[in-house]
Amino acid sequence: MTYNELTRRHFETAAHAGTLTGPGVRRGVAGSRAMGTWVQFDVRWRSGATPLTLDAVRFLAFGCPHVIAVADWIAEHAVAAVLPGRTGLPASLPELKERFAVPTEKVGRLLIIEDAWIAAISPPSPGETNGNA
Amino acid sequence: MAACLTREGAFGNPGSLSHDYGDAAHAAVEAARAQVAAAVGALPEDVVWTSGATEANNLALFGIAHYYRSLGRHIVTLRTEHKAVLDPCRELERRGWRVTYLDPGRTGVLNPTQLGEALQADSVLVSVMHVNNEIGVVQDLAAIAAVCAAHGRVRLHVDGAQSIGKAALDFTSLGIDLLSLSAHKAYGPKGVGALLVSRRRGVQLTALQFGGGQERSLRSGTVPTHQVVGMGAALALAAAEWPAEVPHIARLRDRLWEGLTALGGVLRNGDPAHSVAHLLNVSFADVEGESLLAAVRPFIAVSTGSACASAVQEPSYVLRALGRDERLAESSLRFSLGRFSTAADVDAALLAVERALKRLRRIGGAR
């Protein structure tokens, strides 16, 4: 398996790997290690910002280099950005597939990343004030 | 070997005995044939040159199956065999033969009793790999041959592609009917191998290709002089030097294993008590296989336990047959040690694996 330069760079550095704790941190998780792909995002919203933007994002991922690289790229590009679209991803899945040259057979893994991301940025449930992390 | 490609060397056709050039090439081919035979305790006339072990395996399986088809259509092999045996078996099944695939269990070592129970009245062939290419496990050929002898008419084919220079193998005294060999597994050239067909045991085969009648009419086609000369030299060298090499390689293997165990969450695949020194197959817990390979690849050349015929890797069927779960089968690395390996190489491999494991386990949130 060969990887493009963007994939290699984010896989090798994974600068945004880690977790966040504290007030206002929300966590989204999807996939399973047993099935080969598991992704977790921790996000912290910027307090009082309009429109809503993220102050910090960290991820953990058990998966192939494409999964780690895409999760790292999302964590980097979601901070301070106005998150567009239905999913709130800083790039659509087709865009991510193209940028990282993700093989078609691995598109299901991108969907797991998307699920974890949507779970992390979804609004808190009624009565939830301090996030879910 | 290179001299066979020049006008001053044995450039003639070894099958053209009407001139001196052909005679010289023929002599070189026969000298190589004697070297290959001597390396495994066979007769020179047992040796049939092929393009490698894959062709040798195909010739053995199809050749025996077709020649002895009036005696029966049942074949026994192992689930952990190389694809060069398993795929021909699948094809024979499509053509009406029955194949029993034995499961060697967690150790990877076949229990001869299991083989005896699998043999049927119409069994015509047992095909067993001597040294497994993925896990290095060595099968007990003497015990397997004894079971075949007790059956009476089943022929024993051994895939010995990994054996030369790694484990003792005596074709004649073990009572093997057919033996597949490859040159490049013993530092020889790629693209050449041999099938040894025992003359003493009166083994007969149906040929798979026709046109010229070379190699006792079992493998028609001009013999590539330079290739077989290279194979002869490589096997002669390996046979002479392997007893002295093994202790050194075993020490390196032990150094590697001790270093890996210190990293935690590592599992050795195959029975260490029945394995060659040259190969160490290890599964790593809490890390994804493709990422592990990608992380160590810039620093060391290892093979993974996965087959990557497509973009999505598949876990090794050999490790799955040993009972490893899908994740551990995927996250395995096969370390090969050889004549030129050094302690510094082992230490560099250990450092690369340690760094990769720590980083990927951290990214993966392993506790």
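This is a short walk through a predicted model with chains A and B, taking the sheet, the domains, the chain contact and two odd backbone angles in turn.

Okay, let's start with the sheet in chain B. There are 7 strands in it, the sheet is open, and the pairing is mixed. If you want to trace it on screen, the order is β1-β7-β6-β5-β4-β2-β3. At the edges sit β1, residues 47–50, and β3, residues 98–102, each of chain B and each pairing on one side only. Going from one strand to the next, the twist averages 20°.

Let me zoom in on one pair. In chain B, β5 (155–159) and β6 (178–182) run parallel, with 3 bridges between them. So which residue is the bridge partner of B:His157 in β6(B)? That's B:Leu178.

Now, the helices on that sheet. Helix α2 of chain B, residues 53–67, lies across β1, β2, β4, β5, β6 and β7 of chain B, and runs at about 160° to β6(B). Then there's helix α3 of chain B, residues 83–94, which also packs on the sheet and touches β2, β3, β4 and β5 of chain B. Its direction makes about 155° with that of β2(B).

Stepping back a bit: the domain assignment splits chain B into domain 1, 2–237, and domain 2, 242–363. Over C-alpha atoms, their centres are 29 Å apart. The contact between them takes 18 residues from domain 1 of chain B and 17 from domain 2 of chain B. On the domain 1 side you've got 7 nonpolar, 6 polar and 5 charged residues.

Next, how do the chains meet? Here 13 residues of chain B contact 18 residues of chain A. On the chain B side, α8 (289–296) and α11 (343–363) each supply at least two residues. The largest share, 3 residues, comes from α8(B). By class, that side of chain B has 5 nonpolar, 4 polar and 4 charged residues.

Last thing, the odd angles. Most residues other than glycine have a negative phi. But A:Ala14, not a glycine, has a positive phi of about 40°. You'll find A:Ala14 in the loop between α1 (5–13) and β1 (25–32) of chain A. Is A:Ala14 buried or exposed? Buried, because 22 other C-beta atoms lie within 10 Å, and the cut-off for buried is 20 or more.

The other one is B:Glu215, with a positive phi of about 55°. B:Glu215 sits in the loop between β7 and α7 (225–261) of chain B. B:Glu215 counts as buried too, because it has 21 C-beta neighbours inside 10 Å.

Terms used. Residues are numbered from 1 along each chain as its sequence is written. Chains are lettered from A and ligands numbered from 1 in the order in which they are written. This is a predicted model: local features need pLDDT of at least 70, side-chain atom pairs count only at pLDDT 80 or more; totals for chains, interfaces and linings use all residues. Two strands pair if DSSP finds at least two bridges between them. Helices (H or I, at least four residues) and strands (E, at least two) are DSSP runs, numbered from the N terminus. Axes are lines fitted to C-alpha atoms, for helices over the stretch in contact, and angles run from 0 to 180 degrees between N-to-C directions. Two residues are in contact if their C-beta atoms, placed from the backbone, lie within 7 Å. Ala, Val, Leu, Ile, Met, Phe, Trp, Tyr, Cys and Pro count as nonpolar, Asp, Glu, Lys and Arg as charged, and the others, Gly among them, as polar. Domain bounds come from an automatic or database domain assignment. A residue is buried if 20 or more other C-beta atoms lie within 10 Å of its own, exposed if 12 or fewer, and partly exposed in between; C-beta atoms are placed from the backbone.
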